[in-house]
Amino acid sequence: MQVHTETTQITRGNVAGEHNFTIKASAKAFNILSSNLYSNKPLAIIRELCCNAYDSHVAAGCADRPIEVVLPTRLNGGQLIIKDFGTGLDHAQMLSIYTKFFESTKTESNDFVGQLGLGSKSPFSMFKSFSIE
C-alpha cells in the first residue's frame, strides 16, 4: 500500500547545523517494535501473517483463492499454520526482506494490504522464535 507523504517547505534562519534522526539497532528497539506494538498479540499474529499470505496471492494473481489456516490445538502441537499459494520468497529474499524491520516490497502499489515491513515479525510479540517454511 502506498503511503501518502507530504513535502513541506521550511524556511530557516540562524541554524547552527542539521542532523537526521536515526534508530539504534538494540534489544530495546527490537522489543518495542515486536512485543510492545500490539495490544492483542494472538489476534495480531494471525491478522498480520494472513495479510502477508493474501498479499502473496495478490502478487501471484490468485487473490480469490483462499489461504489455509490451521489454528493451534493440543492435537497439532500448538502450531499455527498459515499456508498460501502465492509467489513465495527465496532464501535471499527471506534474509533481505522478511527478517528486516521496515523492509517491504509492497510500498509502490495500493493492491497490497501490507507495506510497513513489520507484520512478518509479529510472532515475536509472543515468542522468542518461530519457524517458516
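A polar contact of 3.0 Å links the side chain of Lys106 to that of Asn52, which makes a good place to start looking around this predicted model. Lys106 itself sits in the segment after α3. Its relative accessibility is 14%, so Lys106 counts as buried, the cut-off for that class being under 20%.

Two other residues are worth a visit while you have the structure open. Like Lys106, each is placed in the segment after α3.

Let us take Ser125 next. The helix that comes before its segment, α3, covers residues 91-98. Is Ser125 buried or exposed? With a relative accessible area of 5%, Ser125 is buried, because anything under 20% falls in that class. If you zoom in on its side chain, you will find a polar atom 2.7 Å from the backbone oxygen of Ser122. Which residues does Ser125 touch, leaving aside those up to four places away in sequence? The list is Ser34, Ser35, Tyr38, Lys41 and Ile45.

Phe102 has a backbone feature to check. Its phi is positive, at about 70°, even though Phe102 is not a glycine. At 49% relative accessibility this residue counts as partly exposed, since the exposed class needs a value over 50%.

Here are the three residues side by side:

| Residue | Relative accessibility | Class |
|---|---|---|
| Lys106 | 14% | buried |
| Ser125 | 5% | buried |
| Phe102 | 49% | partly exposed |

Now step back to the whole chain. It holds three helices and two strands, and reading along the sequence gives the pattern α-α-β-β-α. How does the chain sit against a compact globule of 133 residues, for which the radius of gyration would be near 14 Å? The chain has 18 Å instead. Along the principal axes, the C-alpha trace spans about 65 × 35 × 30 Å.

Of the 133 residues, 26% are buried; Lys106 and Ser125 belong to that class. Looking at contacts with a separation of 6 or more, 56% of them are between residues 24 or more positions apart.

Finally, a look at the surface and the charges. About 10200 Å² of the chain is exposed, and carbon and sulfur atoms supply 55% of that area. Positive side chains number 12 and negative ones also number 12. The centres of these two sets lie 13 Å apart.

Technical notes. Residues are numbered from 1 along each chain as its sequence is written. This is a predicted model: local features need pLDDT of at least 70, side-chain atom pairs count only at pLDDT 80 or more; totals for chains, interfaces and linings use all residues. Side-chain values use heavy atoms; hydrogens and water are left out. Helices (H or I, at least four residues) and strands (E, at least two) are DSSP runs, numbered from the N terminus. Buried means under 20% relative accessible area, exposed over 50%, partly exposed in between (1.4 Å probe, protein chains only). A polar contact is a pair of N or O atoms within 3.5 Å; within protein, one must be able to donate a hydrogen and the other to accept it, and residues adjacent in sequence count only if both atoms are side-chain atoms. Contact means heavy atoms within 4.5 Å. The radius of gyration is taken over C-alpha atoms; the globule rule is 2.2 Å times the number of residues to the power 0.38. Accessible areas come from the Shrake-Rupley method with a 1.4 Å probe; for residues, only the protein chains shown count as cover. Lys and Arg count as positive and Asp and Glu as negative; His and the chain ends are not counted. The place of a charge is taken as NZ of Lys, CZ of Arg, CG of Asp or CD of Glu.
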